[in-house]
Amino acid sequence: MTTAPTTGFSLPVRGVKVYSRQTLTACVPTYGRVELDFEPVTEGTASSCEFACIAEPEPAAEFERALVQGVLRELAAEDSDNPEARRGSPVRARVVVRALSWHWTDSCEQVFIRLGALAVREALHCVAEGREPKAIETRVRLFF
């Protein structure tokens with residue numbers, strides 16, 4: 001387990017892409033794809049998450065809520081349900097969702113919670129290391 005740096009967002013991080021592959025021939029829904037931008041906020045401003053896209057293939061309120069939950073929990077360092085969650089000081093950011101893709105049978109809310117958390121960690125690594133985001137391709141492990 002690696003932990004993300006907790007320096008916060010001193011600069012914007014644009015184009016953080018996280019993709020969870022579909023599990024073929026399995027009954028576990030693991031597909032999801034998101035692209036997020038992270039922007040610093042002034043001291044005392046709460047974190048926020050807004051959508052600048054429409055989910056594909058159509059709007060999906062449950063997946064949008066799950067993504068926001070994952071992002072905000074990870075920013076607040078409050079994800080006690082996941083043993084792989086980032087540990088450290090809370091950070092604040094304005095998060096803009098640029099893309100969200102899901103599948104009728106191969107997606108579930110827990111996938112989008114995890115994608116949000118993974119995107120926050122990648123964005124924090126980008127700030128700490130002074131680099132552009134790397135696309136993350138994984139198969140989200142679900143914790144039931």
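Let me start with one side chain. Trp 104 is exposed, with a relative accessible area of 56%. For a residue to count as exposed, that area has to be over 50%, so Trp 104 qualifies. Please keep in mind that this is a predicted model.

Now to the ring beside that one. Trp 102 is buried, at a relative accessible area of 8%. How are the rings of Trp 102 and Trp 104 arranged? Their centres are 4.8 Å apart and their planes stand at 75°, so this pair is edge-to-face.

These two belong to a group: Trp 102 and Trp 104 form one aromatic cluster with Phe 63 and Phe 112. Across the whole structure, a search finds 5 aromatic pairs. Another of them is Phe 63 with Phe 112, where the centres are 5.0 Å apart and the planes meet at 25°, so the pair is stacked. In sequence the two are 49 residues apart, with Phe 63 in helix 1 and Phe 112 in helix 2, so to speak of this pair is to speak of a link between distant parts of the chain. Are they buried or exposed? Phe 63 is buried, with a relative accessible area of 6%, and Phe 112 is buried too, at 0%.

Phe 112 leads us to the core. The largest nonpolar core has 34 residues, and Phe 9, Phe 38 and Phe 112 touch the most other members. Strand 1, strand 2, helix 1, strand 4 and helix 2 each supply at least two residues. Which element gives the most? Helix 2 does, with 10 residues. As a general remark, nonpolar side chains in soluble globular proteins tend to be buried together. Beyond its sequence neighbours, Phe 112 is in contact with residues including Tyr 31, Val 34, Ala 66, Leu 67 and Leu 100.

Next, the sheet. In what order do its strands lie? There are 5 strands in an open sheet, ordered 3-4-2-1-5, with mixed pairing. Strand 3 and strand 5 are at the edges with a single partner strand each, so each has one side without a neighbour in the sheet. From one strand to the next, the twist averages 25°. Strand 3 and strand 4 run parallel, joined by 4 bridges, and Cys 49 stands opposite Val 95 in strand 4.

Both helices lie across strands of this sheet. Helix 1 crosses strand 2, strand 3 and strand 4, at about 140° to strand 4. Helix 2 lies across strand 1, strand 2, strand 4 and strand 5, at about 140° to strand 1.

One last item: Arg 33 lies over the face of Tyr 19, 3.8 Å from the ring centre.

Definitions and conventions
Residues are numbered from 1 along each chain as its sequence is written. This is a predicted model: local features need pLDDT of at least 70, side-chain atom pairs count only at pLDDT 80 or more; totals for chains, interfaces and linings use all residues. Side-chain values use heavy atoms; hydrogens and water are left out. A nonpolar core is a set of buried Ala, Val, Leu, Ile, Met, Phe, Trp, Tyr and Cys residues joined through side-chain atoms within 4.5 Å. Buried means under 20% relative accessible area, exposed over 50%, partly exposed in between (1.4 Å probe, protein chains only). Contact means heavy atoms within 4.5 Å. Two strands pair if DSSP finds at least two bridges between them. Axes are lines fitted to C-alpha atoms, for helices over the stretch in contact, and angles run from 0 to 180 degrees between N-to-C directions. Rings of Phe, Tyr and Trp (its six-membered ring) pair if their centres lie within 6.5 Å; planes under 30 degrees apart count as stacked, over 60 as edge-to-face and the rest as tilted. A charge sits over a ring if NZ of Lys or CZ of Arg is within 6 Å of the ring centre and within 35 degrees of the ring normal. Lists of a residue's contacts leave out its neighbours within four places in sequence.
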